[in-house]
Amino acid sequence: MTQTAIRTETAVTVRDLHVRYGDFEAVRGVDLEVRRGEVFALLGTNGAGKTTTLEVIEGFRRRSSGTVSVLGFDPGTQRGPLRDRMGIQLQEGGFVEEMTVSETLDLWGQLSARDDRTGRLLDRFDLAHRKDVRVSALSGGEKRRLDLATAVWGSPDLVILDEPTTGLDPGARRRTWDAIQELQEAGRTVLLTTHYLEEAEALADRVAIMHEGRLAVSGTLSEILASRPAGFSATLPPGVTPPPGVDGPHVQIHTDDLQRDLTAFLTWAAAHDVELTDLRAAPASLADIYHAIREES
Ligand SMILES: Nc1ncnc2c1ncn2[C@@H]1O[C@H](COP(=O)(O)OP(=O)(O)OP(=O)(O)O)[C@@H](O)[C@H]1O
């Protein structure tokens with residue numbers, strides 16, 4: 001039977017996903033939606049269940065319950081038609097150690113249904129000078145770049161990257177970000193996991209944070225940031241008594257209404273002729289939210 005892809009606005013839909021390893025439930029009711037053409041970053045604590053969730057989406061791991069749809073297919077039963085449209089970078093790549101870098105990419109090209117050029121990917125991931133080196137002699141970061149090159153071979157509709165920049169130096173990380181942005185500009189969908197909050201901030205249209213098998217928060221960065229208190233801080237001159245309810249001389253306020261509370265504080269300072277130093281106001285950062293989730297559990 002020929003399987004035709006169903007056109008959907010979402011590239012990946014996961015509903016009430018549960019995955020058990022024996023008695024241990026690693027994923028405990030995850031709902032996730034990755035829209036076509038977006039970069040979606042799955043963040044989380046160690047052991048939160050990110051890789052397990054990706055493996056189910058990739059069709060490599062059986063789910064205990066829940067529904068999963070990837071580009072209109074169920075990866076549990078329809079991996080064949082998905083393989084041609086999905087590029088995957090695993091946390092640990094499995095290459096033939098005796099083959100050289102360019103032989104590995106050439107072989108990849110022969111096995112892939114998508115067209116691309118080994119030379120383009122060698123250049124893109126700064127591997128041209130290592131093209132005749134055996135995989136066994138590559139450094140950890142070079143292997144990671146080779147993994148990435150195979151994942152983006154032929155610009156697949158959906159690219160799934162598990163910690164794509166772990167172990168990469170700043171230059172290689174930058175090139176990886178460029179490659180991800182190129183995929184997005186070409187209308188591709190990217191689902192990635194990362195431990196680097198600045199990576200999610202730089203690349204992702206939407207973010208979810210996973211903790212102990214569940215999604216703690218998800219949404220656009222601005223939605224998530226707006227859901228947590230912002231803050232401002234300032235230092236009072238010596239001998240000045242702070243306003244009621246405020247500790248000094250180093251004032252640190254967390255607030256759900258930054259404009260209202262900052263205005264009140266500045267009005268108080270002006271009325272009392274107080275000259276503030278180090279005045280700063282900032283929304284919650286992704287790092288604040290991440291740490292709050294850890295603390296709340
Ligand atoms: N094959 C397995 N058998 C038993 N338990 C497993 C197996 N694979 C993962 N686990 C456990 O399931 C939980 C989730 O693991 P997973 O690798 O999905 O987390 P993660 O969020 O990707 O973590 P990290 O950020 O550390 O890579 C962990 O407690 C892990 O020890």
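Biologist: This is a predicted model. What makes strand β7, residues 189–193, count as mostly covered?

Modeller: Five of the five residues of β7 are buried. Buried requires a relative accessible area under 20%, and each residue of β7 meets that cut-off.

Biologist: How do you know which faces of β7 are covered?

Modeller: Thr189, Leu191 and Thr193 lie on one side, Val190 and Leu192 lie on the other, and all of these are buried. Both faces of β7 are therefore covered, given the limit of under 20% for a buried residue.

Biologist: Why are β3 and β7 called paired strands?

Modeller: Pairing requires at least two bridges. Strand β3, residues 39–44, is joined to β7 by four bridges in the parallel sense, so the requirement is met. Within this pairing, Leu191 of β7 is the bridge partner of Phe40.

Biologist: What makes β6 and β7 a pair?

Modeller: The two strands run parallel and are joined by five bridges, β6 being residues 158–162; the threshold of at least two is therefore satisfied. Asp162 stands opposite Thr193 of β7.

Biologist: Which elements make a β-α-β unit, and what is its handedness?

Modeller: The unit consists of β6, helix α6 (residues 170–185) and β7, and it is right-handed. That term applies because, with the strands pointing away from the viewer, the path from the first strand over the helix to the second runs clockwise.

Biologist: How do you know where the buried residues of helix α3 lie around its axis?

Modeller: In α3, residues 101–111, the buried residues are Val101, Ser102, Thr104, Leu105 and Gly109. They cover an arc of only 155° around the axis, which places them on the same side of α3. Gln110 and Leu111, on the other side, are exposed. Among the elements covering the buried residues of α3 are α4 (118–124) and α5 (140–151).

Biologist: Why is Ala26 called buried?

Modeller: Ala26 has a relative accessible area of 7%. The cut-off is under 20%, so Ala26 qualifies as buried. Ala26 belongs to strand β2, residues 24–35. Leaving aside residues up to four places away in sequence, Ala26 touches Val19, Tyr21, Ala48, Gly49, Thr52 and Gly213.

Biologist: What makes β2 and β4 the edge strands of their sheet?

Modeller: The sheet is open, with three strands in the order β2-β1-β4 and antiparallel pairing. Strands β2 and β4 (65–70) each pair on one side only, and are its edge strands. On average, neighbouring strands of this sheet are turned by 15° against each other, direction ignored.

Biologist: How do you know that β1 and β2 pair?

Modeller: Nine bridges join β2 to β1, residues 10–21, and the two strands run antiparallel. At least two bridges are needed, so β1 and β2 are a pair. Leu32 of β2 is the bridge partner of Val14.

Biologist: What makes you say that helix α1 packs on this sheet?

Modeller: Helix α1, residues 50–58, touches β1, β2 and β4. A contact requires heavy atoms within 4.5 Å, so α1 has such atom pairs with each of these strands. The direction of α1 makes about 120° with that of β1.

Biologist: What describes the protein as a whole?

Modeller: The protein has 10 helices and 12 strands. Buried residues account for 46% of its 297 residues. Of the contacts with a separation of 6 or more, 68% involve residues 24 or more positions apart. The accessible surface is about 14,900 Å², with 48% belonging to carbon and sulfur atoms.

Definitions and conventions: Residues are numbered from 1 along each chain as its sequence is written. This is a predicted model: local features need pLDDT of at least 70, side-chain atom pairs count only at pLDDT 80 or more; totals for chains, interfaces and linings use all residues. Side-chain values use heavy atoms; hydrogens and water are left out. Buried means under 20% relative accessible area, exposed over 50%, partly exposed in between (1.4 Å probe, protein chains only). The arc is that of the directions from the helix axis to the C-beta atoms. Accessible areas come from the Shrake-Rupley method with a 1.4 Å probe; for residues, only the protein chains shown count as cover. Axes are lines fitted to C-alpha atoms, for helices over the stretch in contact, and angles run from 0 to 180 degrees between N-to-C directions.
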